[in-house]
Amino acid sequence: MTLTRRELIAGTAAGIGATTLLRSAGTAAAAPASVDAARAAAVPVTTTLNINGRDLRVTHDIRTSLLDALREHLSLTGTKKGCDHGQCGACTVHIDGRTALSCLTLAVAARGHSITTIEGLAAAPGRLHPVQQAFIDKDGFQCGYCTPGQIMSSVACIKEGFADDAASIREFMSGNLCRCAAYPNIVAAIEQARPQGGA
Amino acid sequence: MQPFSYQRADSIADAVRLGRDTGAGDVHASTEFLAGGTTLVDLMRLEVMTPSHLVDLNPLRQQHAQISVDDQGLDLGAFVSMAQAARHPQVNARYPVIAESLKLAASQQLRNMATLGGNLLQRTRCPYFRDISWQSCNKRAPGSGCAAMAGVNRNHAVLGVDDSCIAQYAGDFAVALIALDAQLTLQGPDGTRRVALAGLHRDPGGQPHLENNLAPGELITGIHVPAGAWTARSTYVKVRDRESYEFAIASAAVALHLDGDIVRTARLGLGGMAYRPWRSQAAEQLLQGRKLTRDVMEQAAHQALEGAVTHGHNDYKPELARRTVVRALQAAQSLQPRA
């Protein structure tokens, strides 16, 4: 039996999930304002995040971003860390159906929201979302690092009705930088996926 | 990022109580309110801001995210997102300058995250403020000087500056609001008060680390834009180094009530140019009652930049601003208002 990289990572994630369940649930809200900040931060907090339709418990430093919670705690490494300052768009996810930057979202503040990552886009394992397929068909990337963020924004672009013409697509997508400058092909991919890609 | 403790506010009263150590937009306040986080989390990661306590306002977003338009004007909940206001049909039809200022700001992701209240309070992009390796920054380290004065100051302010700070107010939305004489509803320990947006931000006054006039525990809960015959014929012109997803190097918010070619009322805000959101009432008065010719537009533009102080790299700014004002006036003049 051969394991793909994705299956191996998924297996690791399950292991981590089991470990975190054993940890005590020290909730962030329990820390009173008078507690010394450094001491408060030294106590791990447990946050339940709804990711791709599943409730996942993460035990983390209060400072942990949603991006780091996804990548480092849940091994959902499809979401990429580019600048970590909200300038590049590589970390784009959907929060309650709208695009958001996971690097500028604190994990603790994401509880109670519905989060979709690139791993949760396709209808079933082993299949591709129409926008993912369109990026392949139209060669919408070179190195691929910005691609998950590009695809998350592309889906929202189509769903929210901003994919009518190339100018509108470019404006909607301007928060996703591509160092390889695959921009024309990204626009072409969105145009190809437009009829069915907003789901 | 420095450690902090964290609490969620489930009501405005909660927020006011938990936020008692906030206030005046002090860069070094021990407590900060967290809303969209697009400025705060960034500056905390840069260790420019090191609050020891965060009060998360996000549980309030649902309750205080209403938009209503009636004959009195436009009311925006402070927790409306930039994107939500930008796509609202009546905001677009009756207050286009507001919708445009939002659409031309940031990126779609940031517009989804950022609240309108937080947007008003966003901090400067001055690189000497944002990089703690620079020792001199009166805004970040009071009394340490200003590295920008003799530094790379191409994007620094030319209006409303003094010897302590030339940081530029980075926002667009507040520029549209100040032109329309917007009022804010604030809630704090002493109850609710209504203030003009024009009174929210401070001048540097030798204390640029204090950015606004909010009292301890006080937060913005609502924004009111009074109705007027000028709001429908309004526009926001933004000049940037790249076409999208960039801060203004010059911008103009213009609203006009015209009687044929004659200006009954003019409103003018300037962005990318000043220490705080900027309105030029002198230029508005110059326009009032005049026939709106190119010559009159240029006179108003000159009036608006009266008193500009430049520091070398930003010498180009006053002229760019004048041309931006003329362009915005022309654009507003040629509009066919829908409402």
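B:E32 stands opposite B:L54 of strand β3(B). That position belongs to a predicted model, for which the predictor gives the complex an ipTM of 0.96 and a pTM of 0.92. Chain B has an average pLDDT of 97, and 99% of the residues score at least 70.

**The parallel sheet of chain B**

Four bridges link β2(B) and β3(B), which pair in the parallel sense. Both strands belong to an open sheet of three strands, ordered β1-β3-β2 in chain B, with parallel pairing. β1 and β2 (31-34) of chain B are at the edges and have a single partner strand each, so one side of each is left without a neighbour in the sheet. On average, neighbouring strands of this sheet are turned by 25 degrees against each other, with direction ignored.

**Strand β6 of chain B and its partners**

Strand β6 of chain B covers residues 183-188, and its side chains alternate between two faces. B:L184, B:L186 and B:G188 point to one face and are buried. B:Q183, B:T185 and B:Q187 point to the other face and are not buried. This is the pattern of a regular strand, in which side chains alternate between the two faces of the sheet.

β6(B) pairs with β7(B) and with β8(B). The pairings are set out below.

| Partner of β6(B) | Residues | Sense | Bridges |
|---|---|---|---|
| β7(B) | 191-196 | antiparallel | six |
| β8(B) | 219-226 | antiparallel | five |

The link from β6(B) to β7(B) is a hairpin through two residues. Across the β6(B)-β7(B) pairing, B:Q187 stands opposite B:T192. On the β8(B) side, B:L186 stands opposite B:I220. Of these two β6(B) residues, B:L186 is buried and B:Q187 is not.

**Helix α11 of chain B**

Helix α11 of chain B spans residues 294-304, and its buried residues are B:M297, B:A300, B:A301 and B:A304. Viewed down the axis of α11(B), these buried residues fall within an arc of 100 degrees, so they line one face of the helix. An α-helix has 3.6 residues a turn, so residues three or four places apart point the same way. The cover over the buried residues of α11(B) includes β11 (262-271), α10 (281-287) and α12 (317-333) of chain B.

**Chain A**

Chain A contains seven helices and five strands. From the N terminus on, its elements follow the order α-α-β-β-α-β-β-β-α-α-α-α. Of the 199 residues in chain A, 45% are buried. Among the contacts of chain A between residues at least 6 apart in sequence, 57% join residues at least 24 apart.

Helix α3 of chain A (residues 66-73) is mostly covered, with six of its eight residues buried. The buried residues are A:L66, A:L67, A:D68, A:A69, A:L70 and A:H73. After α3(A) comes A:S75, which has a positive phi, near 55 degrees.

**Contact between the chains**

At the interface, 26 residues of chain B are in contact with 30 residues of chain A. On the side of chain B that touches chain A, β1 (5-8), α2 (40-45), β3 (53-56) and α6 (108-113) of chain B each supply at least two residues. The largest share, five residues, comes from α6(B). By class, this side of chain B has 10 nonpolar, 12 polar and four charged residues. β1(B) and β3(B), which supply residues to this side, are also strands of the open parallel sheet.

Notes
Residues numbered from 1 in each chain as written. Chains lettered and ligands numbered in written order. Predicted model: local features only at pLDDT ≥ 70, side-chain atom pairs only at ≥ 80, totals over all residues. Buried ≥ 20, exposed ≤ 12 C-beta atoms within 10 Å, placed from the backbone. Arc of directions from axis to C-beta. Contact = placed C-beta atoms within 7 Å. Nonpolar A, V, L, I, M, F, W, Y, C, P; charged D, E, K, R; others polar. pLDDT = per-residue confidence, 0-100. Pairing = 2+ DSSP bridges. Axes fitted to C-alpha atoms, helices over the stretch in contact; angles between N-to-C directions.
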